[in-house]
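Reader: Hi! I'm new to looking at proteins, and I'd love a close look at one single part of this model. Could you pick a chain and walk me through how it is built?

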Amino acid sequence: MTVPFYVSPEQIIKDKADYARKGIARGRSVVVLQFDGGILFVAENPSRALHKVSEIYDRIAFAAVGKYNEFENLRVAGVRLADLRGYSYDRRDVTGRSLANAYAQTLGAIFTETAKPYEVEIVVAEVGSTVDDDQLYRLTFDGSVADERGFVAMGGQADDIAAVLADGWRPGLGLEDGLVLAVRALGAGSGTAPSAGQLEVAVLDRSRPRRTFRRIGSDRLAELLGQPDPGPEPPGVPESPDSGA
Amino acid sequence: MSPEPWHGRLPSAFMAPGGSSFADFLALLEGPRPASPHMPAEALSDVPHATTIVAFTFAGGMVMAGDRRATMGNIIAQRDIEKVFPADEHSVVGIAGAAGIAVELVRLFQVELEHYEKIEGVPLSLDGKANRLAALLRGNLGFAMQGLAVVPVFGGYDLAEGKGRLFSYDVTGGRYEEREHHAVGSGSMFARGSLKKLYRAGMNEADALSTAIEVLYDAADDDSATGGPDLTRRIFPVIAVVDSDGVRVIAESAVEGVVQTVVNARMSQPDGPVAPLPGGGAS
């Protein structure tokens, strides 16, 4: 009988965390920020079909970076949980906090119980009736939850992006200013500011009744950014929003 | 079942890939449905029943209207029940039959459509929505066989074809597309007769609204379970219009205006508008 090598629990956890961090760092970034009319999501994502930002429920949305199949799995679970709660109780009983808790428990269990942790970082955002009621929960691969204010940057160059956001963000920012700031911050991360065609943009619009999530199409986006419409992307190698792009 | 019988990590059913149907997901969590309890025949009249719904197409899309009465045998259970609901942004569903089961069916159907749209990123086609409703209805077959039937009518604006369409159902989940107009519920015989004479292909929205009120008036005239417009309590039919811009439930004040016009006209002509004779002779 062979004696298995002893590896300390600290080392196992550290190795898993390093693995997950490296995976996330390879991907493109996402910025989530509060503006006066709601919550804005800006993702570097050339794909029109594989989303990094999605609707979960009336006032709740989801943004993610990392491995597409893993965060897609979490997104679908979130939609199922939210719809189940809304159907069992009432639409008003679906909250961002309970969703963030379920994600935290799930990510934590996956991190400790399985050999391979999820290489994802996600934000659960809930738009309130006033700016003060807005909620931004940031969840990492090990199930840690942080309750954020103002803005969140995730992905490869999150620190560089967060530095620009910390400098430029202020309460009561308008949609246009918020969008320009987010694009400038993403540019600081990747070196060049992304064009309208490379962005996925959505908002949780506080003023809407019931379903508040709306995507901002490329025409409206170019208008807001003051860029001419780039037209359809030239055909080329299909890009996925997966890490490593 | 209690809605959340787990603690901590989400169960594997939540994380399972594929599956964009909420009803199927619910069945997976709940397990097989218990057999429906036996209901003695004399108890059936104690269950509130919803009555008449009419639906037809017009130039811009389709319109659906329902009276506001629910009955338990010969008793009026509710005067202001709503039986016409937006199903999603471009479709509406109306229900007749056992009210409790019907309203629950509509709630499930609404979640089903929104769930699909969120999971897949695009809404279902109008035919897809009509088929899902048929599948949900088939789940109620056990109750239907005991007399607690639900009969919906579904319609919407088909964005792909650019026109309004409507579908009728039977209690076994059979789905049939209707060409122009349809009515369900206890007053539907009278509504259909009236609709046949009043319906004009390609009529405008204003004509569609007054036609809906005329038809419901005729149904209430001859069916005791259908409520006519209640002018003293100001309870009027619910009318929903679906066109290329989506579903609009017509505001009560606008419906009141149409109802007043119809009622005033009936003061001199109690049977409503007169259809022209083929020979053009005087009526």
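Author: Happy to, and let's take chain A, starting with who touches whom. Take the contacts in chain A between residues at least 6 apart in sequence: 67% of them join residues at least 24 apart. Please keep in mind that this is a predicted model, and that the values here are computed from it.

Now for the parts list. Chain A has 6 helices and 10 strands. Its C-alpha atoms fill a box of roughly 70 × 45 × 35 Å, with the sides taken along the principal axes.

How does the radius of gyration of chain A compare with that of a compact globule? For 245 residues, a compact globule would come out near 18 Å, and chain A has 18 Å, so the two agree.

Next, inside and outside. Of the 245 residues in chain A, 53% count as buried. The surface that chain A exposes is about 11100 Å², and carbon and sulfur atoms supply 53% of that area. The two percentages describe separate things: one is a share of residues, the other a share of exposed area.

Charges are worth a glance too. Chain A has 28 positive and 35 negative charges, and the mean positions of these two groups are 3 Å apart.

Let's zoom in on one residue, Arg210(A). You will find Arg210(A) in the loop that runs between strand β9 (199-205) and strand β10 (213-216) of chain A. What makes its backbone worth a look is the sign of phi. Most residues other than glycine have a negative phi. Arg210(A), though not a glycine, has a positive phi near 55 degrees.

Is Arg210(A) buried, exposed or partly exposed? Its relative accessible area is 48%. Buried means under 20% and exposed means over 50%, with partly exposed in between, so Arg210(A) counts as partly exposed.

If you would like a residue to set beside Arg210(A), hop over to chain B for a moment. Arg234(B) also has a positive phi near 55 degrees. Arg234(B) sits in a loop as well, between helix α7 (205-222) and strand β12 (238-243) of chain B. With a relative accessible area of 44%, Arg234(B) is partly exposed.

Methods
Residues numbered from 1 in each chain as written. Chains lettered and ligands numbered in written order. Predicted model: local features only at pLDDT ≥ 70, side-chain atom pairs only at ≥ 80, totals over all residues. Heavy atoms only, no water. Helix = DSSP H or I, 4+ residues; strand = E, 2+ residues; numbered from the N terminus. Buried < 20%, exposed > 50% of the residue type's maximum accessible area, 1.4 Å probe, protein only. Rg over C-alpha atoms; globule rule 2.2 N^0.38 Å. Contact = heavy atoms within 4.5 Å. Areas by Shrake-Rupley, 256 points an atom, 1.4 Å probe, with all protein chains shown as cover. Lys, Arg positive; Asp, Glu negative; His and termini not counted. Charge placed at Lys NZ, Arg CZ, Asp CG, Glu CD.
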